[in-house]
Amino acid sequence: MSSETVEAIIPERMLATPFTIGSLTLPNRTVMTPMGTDLANADGTPGERLTEYWLERARGGCGLIISEITRINEEHGAGTPMQLAVTRDEHVAPLARAIDAIHAAGAKFFIQLHHPGAEGIPPLCKDGITVSPSGVVVRTTNAPTRALETEEVEALVDDFVQGARRAKEAGADGIEIHGAHGYLVCEFLSPHSNRRTDKYGGDFEGRMRFVTEIIEGAREVCGPDFPISVRLSASEMMETIGEPGEGITVEEGVRIAKRLEELGVDLISVSSGTYETGSTVIEPINTPRNWRDPIIRAIRDAVSIPVMGTSIVRMPSQAETMLKDGLVDLVAMGRTWLADPAWTRKAIEGRDDEIVRCIGCMACFQSLGEGKGIMCAVNPRCAHETEFPEIPQRDLEGKKALVIGGGPSGCEAAEQLAMRGAEVVLAEASDHLGGQVFPGCNPPGKEAMRWVIENFEVRLRLAGVEVRLNTEMTVEAVKDLGADVVVVATGAIPFIPRLPGLDSPTVVEAVDVLNGTAAVGERVAVVGSGMTGLETAELLHVEGHDVVGVYEMADRIAPGGYRTNVESVASHLRAAKIGMFTGHTLLEMTEDGAVFDTGAGRELVEVDTLVAAIGMRPNSALADALAEAGIEAHPVGDATGVGRVAEAIASGFRAGRGA
């Protein structure tokens with residue numbers, strides 16, 4: 001679509017207009033908020049990999065990029081092992097080179113100054129213990145922590161101030177003080193974690209003193225025209241863990257914001273939550289978009305300085321509404337930029353249907369928590385920009401490629417092969433694309449999974465891939481097509497153990513329940529507590545079935561699941577009084593119901609239907625047959641080993657790129 005056509009279809013979007021913070025003018029109103037990446041060099045410098053990650057978003061039109069959490073203290077201030085740092089003057093020159101490149105690409109750049117406080121990682125601390133205002137342990141980590149002495153707090157103020165100085169010397173356009181999410185500054189602000197009796201605690205004035213001295217010191221060394229932003233948990237959301245009124249409430253957040261304005265802060269970035277209320281910081285897939293708007297509005301109405309706030313913005317229409325309603329001055333997005341670095345460029349040009357939308361699957365943060373660095377399920381190039389250029393070499397011109405299977409791995413492989421110049425046919429046996437993602441769209445709150453399919457439909461069309469639905473491929477059909485490259489993405493099929501009675505009509509597969517093709521009785525049990533089992537149980541409950549429980553043979557629910565995702569569904573099951581039982585091994589299905597071994601004996605659960613969510617196994621039959629026929633084929637995705645959407649897309653990407 002040409003720019004002339006776009007201008008004829010849509011008026012200039014407000015998000016495309018410049019905006020001024022103090023003396024700094026941003027090219028547009030889109031902001032990439034800080035996200036830990038663990039991509040820096042071991043010495044805290046950015047290096048090529050982190051720089052290229054930023055540059056891709058700058059080239060994609062982002063108006064303001066705010067760095068990941070940036071360390072200001074070496075003794076106990078590390079947030080991740082490979083974290084950006086401004087702890088020494090030696091950090092200035094490498095940062096300056098990266099910032100110069102970002103400026104040349106058209107974006108502005110802030111550095112976020114950070115100390116993790118009690119939410120730090122003990123092995124990264126000099127003496128193996130974190131520090132905090134009052135020694136209050138974070139219940140989700142139970143990491144040992146000690147209260148800072150008054151002199152240590154004063155020294156930390158200077159650490160922040162010197163970090164601000166180095167940021168300016170490196171050419172940053174401003175700084176952001178991380179005062180949210182239960183990190184050190186937030187801990188000082190919160191009456192939940194700050195129980196000090198010295199000048200840095202006690203009443204509101206005492207709790208504000210730490211951030212006040214940081215702001216005043218930064219202003220002194222950086223000058224009046226250097227923008228200072230504060231990221232604020234305007235509510236710690238303690239009510240979500242059964243402690244209403246504790247910590248920073250919205251009312252307290254408003255009071256803090258007003259004081260920040262009095263202190264001369266140029267921008268407030270509104271967020272919420274802490275580690276203890278984690279799903280209110282980084283929201284799982286089933287969280288409604290724009291849910292944080294009322295919290296943002298409370299701050300917006302209380303101050304006159306610029307405000308931005310994250311609220312699961314995925315599409316330009318959301319951004320425009322937030323701007324035009326006066327809710328925010330800048331559109332703050334985080335994971336959105338992982339999924340599509342060119343979000344702003346596409347939005348400004350009116351190419352909304354081409355935007356690859358973040359599905360909120362949490363794969364990025366699971367990967368980060370596992371020490372693997374940042375990644376994105378729907379964008380396999382994320383954090384690998386130096387390894388894979390955006391546009392690959394067209395080394396398959398004049399070649400034919402066949403991709404068998406239209407799940408995420410097959411779709412990704414097909415697009416990449418087409419980008420390399422091949423004439424690509426994608427053959428899918430069913431009447432739709434998506435593979436296991438298709439039924440995965442149907443549980444409550446999982447509508448965003450449909451974006452994976454919608455995104456691929458657009459991308460395959462733009463890439464010129466010929467999609468053939470309702471097309472079952474055989475060895476002979478593959479031979480007849482005569483493709484130069486064959487990719488097998490036949491996915492996975494349900495695993496049903498060979499146990500008595502499991503071939504009964506009263507036993508159905510979870511995938512068929514999710515597809516709406518299974519006959520399910522009134523009283524139901526689900527065996528298998530992975531995300532599929534939990535989500536199937538919730539769907540059946542919403543549909544009106546009596547779900548008596550989810551049964552798991554392991555000693556904990558969803559043993560392989562990511563904690564935030566598991567809890568987001570498990571909390572709904574608990575609210576519905578659906579039991580989740582561990583240590584239950586399925587023995588058989590009888591006329592009376594399902595029989596389990598509990599370790600203490602046999603237990604009969606009387607049900608009309610047993611839903612099996614025990615697992616999936618690779619559907620490798622065609623790949624094996626092609627190998628026997630001497631046809632070279634590249635299996636990808638679940639056809640090689642069952643995994644998540646992230647693994648499937650990454651597998652298809654690498655096969656499509658020939659990697």
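This talk goes through two helices, two loop residues, the cysteines and one pocket of a predicted model.

Good morning. I shall begin with helix α4, which covers residues 150-169. How far apart should the ends of this helix be? At 1.5 Å a residue, its 20 residues should span 28 Å, and the end C-alpha atoms are 29 Å apart, so the two values agree. Several residues of α4 are buried, among them V153, L156, V157 and F160. The list of buried residues also includes R165 and R166. What covers these residues? The cover includes α3 (92-104), β5 (108-114), β8 (174-179), α5 and α6. After the helix comes G171, whose phi is positive, near 100°.

Let us now turn to helix α13, residues 408-419. The same reasoning can be applied here. Its 12 residues, at 1.5 Å each, should span 16 Å; the end C-alpha atoms lie 17 Å apart, which agrees. How many residues of α13 are buried? The number is 11 of 12, so that the helix is mostly covered. Among the buried residues are P408, C411, E412, E415 and L417. The elements covering them include the strands β13 (400-404), β14 (423-427) and β16 (485-488), together with the helices α14 (437-440), α15 (450-463) and α21 (645-657). Just after α13, G421 has a positive phi of about 100°.

I come next to two residues in loops. R196 is found between α5 (184-189) and α6 (204-222). Is R196 buried or exposed? Its relative accessibility is 9%, and because buried means under 20%, R196 counts as buried. Setting aside neighbours within four places in sequence, the contacts of R196 include S132, P133 and S134, as well as L148, E149, T150 and V153. V153 was mentioned earlier as one of the buried residues of α4. R196 also touches F188, G201 and G202.

The second loop residue is A180, located between β8 and α5. At 0% relative accessibility, A180 is buried as well. Which residues does A180 touch, if those up to four places away in sequence are not counted? They are C186, R231, L232 and S233. A180 is 146 residues from G326 in sequence, and their C-alpha atoms are 23 Å apart in space.

The contact with C186 brings us to the cysteines. How many disulfides does the model contain? The count is zero. For C186, the closest cysteine sulfur is that of C125, 18 Å away, which is too far for a bond. C376 is not in a disulfide either: the nearest cysteine sulfur, in C382, is 5.6 Å away, whereas a disulfide requires sulfur atoms within 2.5 Å. Both cysteines are buried, C186 with a relative accessible area of 0% and C376 with 12% relative accessibility.

Finally, I should like to show the second largest pocket. Its volume is about 1200 Å³. The lining consists of 50 residues, and Y183, Y275, I282, F365 and Y562 lie nearest the centre. Where do the lining residues come from? β12 (330-333), α10 (335-339), α12 (363-369) and α19 (563-575) each supply at least two. Which element gives the largest share? That is α12, with four residues. As to chemical character, the lining divides into 20 nonpolar, 21 polar and nine charged residues.

Thank you for your attention.

Notes:
Residues numbered from 1 in each chain as written. Predicted model: local features only at pLDDT ≥ 70, side-chain atom pairs only at ≥ 80, totals over all residues. Heavy atoms only, no water. Buried < 20%, exposed > 50% of the residue type's maximum accessible area, 1.4 Å probe, protein only. Contact = heavy atoms within 4.5 Å. 1 Å grid on protein atoms, 1.4 Å probe; cavity = no way out; pocket = protein on both sides within 12 Å on 5 of 7 lines; lining within 4 Å. Points joined across faces, edges and corners; volume = space filled by probe spheres on them. Nonpolar A, V, L, I, M, F, W, Y, C, P; charged D, E, K, R; others polar. Expected span 1.5 Å × (residues − 1).
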